[in-house]
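Q: Hi, got a minute to walk through this model with me? I'd like to hear how it is put together.

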Amino acid sequence: MMVIMSLKLFLEAIIKFLFGIVLVGLLIFLPAGTLSYFNGWLFMGVLFIPMLIAGIIMMIKNPKLLANRLDAKEKQKDQNIVIKLSGLMFVAGFIVAGLDYRFKWIVISPIVSYVFSLIFLLGYVLWAIVLKQNTYLSRNIKVEEGQKVVSTGLYKVVRHPMYTATLVVFLSMPLILGSLISFFIFLLYPILIIIRIIGEEKLLEKELEGYIEYKKKVKYRLIPFIW
């Protein structure tokens with residue numbers, strides 16, 4: 001039974017990974033009108049190579065965590081609008097980046113793309129650290145049976161370090177693609193993540209024992225000394 005479940009999880013992970021590559025590739029390169037879009041390949045590399053490595057590690061060391069990360073079905077109805085708007089943001093941002101490259105609306109220095117590629121990878125490292133410190137993390141808002149408040153590591157600094165990591169990663173994406181216009185589209189993300197955190201904390205206060213006490217100890221939610 002465990003072998004069958006592991007095989008099913010492996011196939012699901014591979015299918016979603018390959019689908020992601022195809023989808024992102026189409027959204028970027030079709031509007032660009034060429035496969036010679038270097039920033040597009042740079043972005044695909046820094047996005048999908050670490051993702052593949054992280055997926056393999058989770059599959060070997062913590063299949064349950066991988067299953068949680070693959071489960072993208074949001075069960076909180078009031079969060080569905082946030083998820084949908086986030087999806088639209090990504091689609092619009094990638095398409096505009098490709099069009100920006102094709103029509104040269106705003107040209108920025110290649111150095112910017114290289115710098116933000118490094119920042120993106122640092123965000124990925126931060127994301128990996130958070131996953132190691134909190135194995136309850138999933139892509140949808142829920143409280144699992146037996147779940148406990150994590151208050152060590154990065155959770156001593158902010159209450160939602162995973163969202164801090166995604167903030168670094170997602171805001172780097174359009175600049176890796178070399179598109180300042182796309183970056184302005186991605187500025188919608190901080191607003192969406194604030195709305196999501198507010199909703200998530202309401203659920204955690206009700207269903208996760210000890211969370212209210214944890215909130216009193218750790219003041220900041222997303223960025224230290226700011227919010």
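Q: What does the secondary structure come to, in helices and strands?
A: The protein has nine helices and zero strands, where helices (H or I, at least four residues) and strands (E, at least two) are DSSP runs, numbered from the N terminus. This is a predicted model, in which local features need pLDDT of at least 70, side-chain atom pairs count only at pLDDT 80 or more, and totals for chains, interfaces and linings use all residues. Residues are numbered from 1 along each chain as its sequence is written, and side-chain values use heavy atoms, with hydrogens and water left out.

Q: And how much of the protein counts as buried?
A: Of its 227 residues, 43% are buried (under 20% relative accessible area; exposed is over 50%, partly exposed in between; 1.4 Å probe, protein chains only).

Q: Which residues have the most contacts inside the largest nonpolar core?
A: Those are I28, F43, F94, F120, W127 and M173, in a core of 54 residues. Helix 6 (residues 161–176) gives the largest share of this core, ten residues. Such a core is a set of buried Ala, Val, Leu, Ile, Met, Phe, Trp, Tyr and Cys residues joined through side-chain atoms within 4.5 Å.

Q: What does M173 touch?
A: Leaving aside neighbours within four places in sequence, M173 is in contact (heavy atoms within 4.5 Å) with F43, L47, F90, F94, F120 and F186.

Q: Why is helix 6 described as largely enclosed?
A: Because 15 of its 16 residues are buried, helix 6 is largely enclosed by the rest of the structure. Just after helix 6, G178 has a positive phi of about 75°.

Q: Moving on to S182: buried or exposed?
A: S182 counts as buried, because its relative accessibility is 0%. S182 is in helix 7 (residues 180–186). Apart from neighbours within four places in sequence, S182 contacts G93, V96, A97 and P174.

Q: New topic: what lines the second largest pocket?
A: There are 15 lining residues, with A54, I57, M58, A128 and L131 nearest the centre of the pocket. Helix 2 (38–61) and helix 5 (110–133) each supply at least two residues of that lining. A pocket here is an open set of points on a 1 Å grid over the protein atoms alone, where a 1.4 Å probe fits, with protein on both sides within 12 Å along at least five of seven lines; lining residues have an atom within 4 Å of a point.
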